[in-house]
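Welcome! Here is a short briefing to help you find your way around a structure that is new to you. Please keep the 3D view open as you read.

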Amino acid sequence: MSGGSGARLELAGIGKNFRGLRAVHDVSFSVPAGAIHALIGPNGAGKTTIFNMIAGVYRPDAGTVSLDGRQISGLRPDLVCDAGVGRTFQIVKPFKGLSVLENVTVGALHRRPALGDARAAAADILERLGLHDRRHQAAESLTLPDRKRLEVARALATEPKLLLLDEVMAGLRPTEVDVMVAFLRDLNVRTGLTILLIEHVMRAVMALAAEVVVVSYGEKIAQGTPAEIARNQAVLDVYLGEEEA
Amino acid sequence: MSLLHRLTDGVPLRALWGLGLLLAALLVAPAFLGKYGLSVLILVLYFAYVGQAWNIMMGFAGQLSLGHALYAGLGGYIAAGLFFHYGVGPWLGLFAAVAAAAAAGAVVGYLGFRFSLAGVYFALLTIAFSEFTRIAFDHWGWVGGSGGLFLKVDATADWLNLRGGPVLFYYVILALAVGAFILCRALLESRLGRYWLAIREDAEAAQAVGVPVFRCKMIAVVISAALTAVAGVWNAFYYNNLFPETAFAMGRSIEFTLAPIIGGLGTLFGPIVGAVVLTGLGEIFTDLSELFHISGIKQIFYGLALLIIVMYRPAGVWPWIADRFGFGEKRR
């Protein structure tokens with residue numbers, strides 16, 4: 001159900017200002033094809049802004065975003081999706097009036113123009129995400145954890161090479177987090193899909209990410225394996241507050 | 001999959017039977033109805049047709065147009081003007097009418113969607129264009145200015161020039177309403193239709209899953225405007241007169257929106273049911289006000305009835321009927 005293999009994501013010195021407010025400044029990192037990386041940082045650090053620059057919602061004021069060496073920054077969101085980027089929204093955005101199945105079908109239509117084919121592909125994805133029983137329910141009737149799952153299902157239906165997950169674990173119970181982690185890991189192993197996740201749930205970050213990028217006040221302050229990040233002084237300062245001298 | 005199969009796929013058999021019976025009844029209706037009955041039925045079909053055209057934009061794609069009189073007026077004036085001045089038959093004039101309305105729709109759509117005017121702001125833009133055009137036509141000699149444009153009344157049936165009595169116009173509007181119904185069904189069961197629904201629900205999320213939002217909205221406004229222009233042509237030749245004050249009136253634009261709103265926005269059958277309810281109520285209240293010799297009471301009752309329907313069936317009359325009798329069509 002996924003595009004076959006993952007793509008390499010490269011951010012080169014991207015920056016974004018909002019009316020003079022520096023939201024993101026000179027952030028560079030890359031995610032190799034088939035890898036899972038996490039993007040963490042305190043609230044307001046600019047994580048979602050970085051996602052929006054990758055996904056085409058914002059055009060970076062500086063720097064470039066490229067996928068498998070092809071520049072995607074500056075493209076419209078639908079063209080970024082076309083290039084192989086699937087994304088979820090932190091504040092979930094289901095097509096409320098449509099059924100769960102129809103929600104995912106809209107995503108699947110991107111690569112399968114025939115409605116019947118798209119619906120079959122969508123049903124397949126829902127099965128694997130445990131939403132199949134609820135496929136005829138209106139999306140607005142879902143609980144928050146199910147809406148998060150729906151976000152993932154809809155993004156996957158576009159058959160991305162890179163999946164951007166914006167806090168899909170938030171609000172999930174620990175057992176549900178484990179289910180989602182297992183699903184994503186399985187997906188990654190089976191299809192080689194590249195995944196970049198913004199996450200506050202450290203249980204998920206530790207279990208999934210090969211590398212973690214930390215941002216604070218719009219700048220990258222650290223990058224490394226989860227174990228390295230857990231020992232990094234700059235990261236500890238940001239999260240726990242600097243020690244009084 | 002054949003087109004017929006695609007159109008009927010997933011429709012309950014009883015609904016197909018119901019549609020077939022309804023169509024058969026409508027086909028033989030002129031033989032049984034008097035002059036009055038036929039004129040009422042013509043009105044129902046006219047509102048059902050334009051309601052379906054408007055519903056494509058609002059019900060499917062979620063774009064509120066309160067200026068659809070623009071497209072009907074343009075279409076009517078162009079076909080009638082060509083016929084009046086050059087004797088160009090309406091079937092030929094229709095192409096010019098549809099092209100002009102589609103172009104006007106494209107201009108309104110481009111300005112609105114390019115600059116991300118959403119909701120009421122877009123609606124204001126549609127009203128503005130309709131009003132500009134009304135004022136322009138008021139001062140345009142070729143179409144008779146504010147004095148109006150009149151076609152010669154001729155009751156001998158002439159299909160080629162769309163001249164004739166009510167029966168001729170009845171069958172034309174019936175064909176249009178049925179055609180629009182089939183077209184809407186086909187559109188809704190296509191990728192474009194699903195993209196429209198996605199845009200209506202959440203344009204940002206739609207774009208994130210690859211929906212070319214701007215293009216899809218443009219297609220919606222152009223199709224809707226083109227269909228509405230056909231109704232304008234029919235209307236001009238049925239009534240034989242056109243005035244800018246009525247053809248481009250705000251009230252006419254509102255009239256176009258009522259059937260789908262009352263019947264059920266975004267549903268296929270809603271505009272048709274809405275047209276039946278509205279025209280039926282209108283006729284009943286006209287009779288009542290004549291009975292009691294109180295002028296103006298029709299409007300009060302009509303307004304009250306609409307208010308009550310909207311209050312108690314906000315999703316429309318049709319989804320409620322469909323639910324109760326198991327016809328299966330829900331609002332999408």
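The points below go from chain A as a whole to its two sheets, then to chain B and the place where the chains touch.

This is a predicted model. Chain A holds nine helices and ten strands, and its strands include those of an open four-stranded sheet and those of an open six-stranded sheet. Chain B has been assigned two domains, and 20 of its residues are in contact with chain A.

**Chain A as a whole**

- Chain A has 245 residues and a radius of gyration of 18 Å, which agrees with the value near 18 Å for a compact globule.
- Along its principal axes, the C-alpha trace of chain A spans about 65 × 40 × 35 Å.
- Of the 245 residues in chain A, 47% are buried.
- If you look at contacts in chain A with a separation of 6 or more, 65% of them link residues 24 or more positions apart.

**The four-stranded sheet of chain A**

- As a reminder, strands of a sheet pair through backbone hydrogen bonds, in either a parallel or an antiparallel way.
- To trace this open sheet in chain A, follow the order E2-E1-E4-E5, where the pairing is antiparallel.
- At its edges you will find strand E2 (21-31) and strand E5 (70-71) of chain A, each of which pairs on one side only.
- Seven bridges connect strand E1 (residues 9-18) of chain A with E2(A), and this pair is antiparallel.
- For a spot to zoom in on, try A:Glu10, whose bridge partner in E2(A) is A:Ser30.
- Helix H1 (residues 47-54) of chain A lies across E1, E2 and strand E4 (62-67) of chain A, and its direction is at about 65° to E2(A).

**The six-stranded sheet of chain A**

- This open sheet of chain A runs in the order E6-E7-E8-E3-E9-E10, with mixed pairing.
- Strand E6 (85-87) and strand E10 (219-224) of chain A each have a single partner strand, so one side of each has no neighbour in the sheet.
- From one strand to the next, the twist averages 20°.
- Strand E9 (residues 211-216) of chain A is joined to E10(A) by five bridges, and the two run antiparallel.
- Within that pair, A:Val212 has A:Gly224 of E10(A) as its bridge partner.
- H1(A) packs on this sheet as well, touching strand E3 (36-40), E6, strand E7 (162-166), strand E8 (194-198) and E9 of chain A.
- The direction of H1(A) makes about 150° with that of E7(A).

**The two domains of chain B**

- The domain assignment gives domain 1 (51-239) and domain 2 (264-332) of chain B.
- The centres of these two domains of chain B, taken over C-alpha atoms, are 24 Å apart.
- Where they meet, eleven residues of domain 1 of chain B are in contact with seven residues of domain 2 of chain B.
- On the domain 1 side, helix H3 (35-60) and helix H7 (166-188) of chain B each supply at least two residues.
- H3(B) gives the most to that side, with six residues.
- By class, the same side of domain 1 of chain B has six nonpolar, four polar and one charged residues.

**Where the chains touch**

- Here 20 residues of chain B are in contact with 21 residues of chain A.
- On the chain B side, helix H8 (191-201) and helix H9 (203-208) of chain B are the elements that give two or more residues.
- The side of chain B that touches chain A has nine nonpolar, three polar and eight charged residues.

Notes: Residues are numbered from 1 along each chain as its sequence is written. Chains are lettered from A and ligands numbered from 1 in the order in which they are written. This is a predicted model: local features need pLDDT of at least 70, side-chain atom pairs count only at pLDDT 80 or more; totals for chains, interfaces and linings use all residues. The radius of gyration is taken over C-alpha atoms; the globule rule is 2.2 Å times the number of residues to the power 0.38. A residue is buried if 20 or more other C-beta atoms lie within 10 Å of its own, exposed if 12 or fewer, and partly exposed in between; C-beta atoms are placed from the backbone. Two residues are in contact if their C-beta atoms, placed from the backbone, lie within 7 Å. Two strands pair if DSSP finds at least two bridges between them. Axes are lines fitted to C-alpha atoms, for helices over the stretch in contact, and angles run from 0 to 180 degrees between N-to-C directions. Domain bounds come from an automatic or database domain assignment. Ala, Val, Leu, Ile, Met, Phe, Trp, Tyr, Cys and Pro count as nonpolar, Asp, Glu, Lys and Arg as charged, and the others, Gly among them, as polar.
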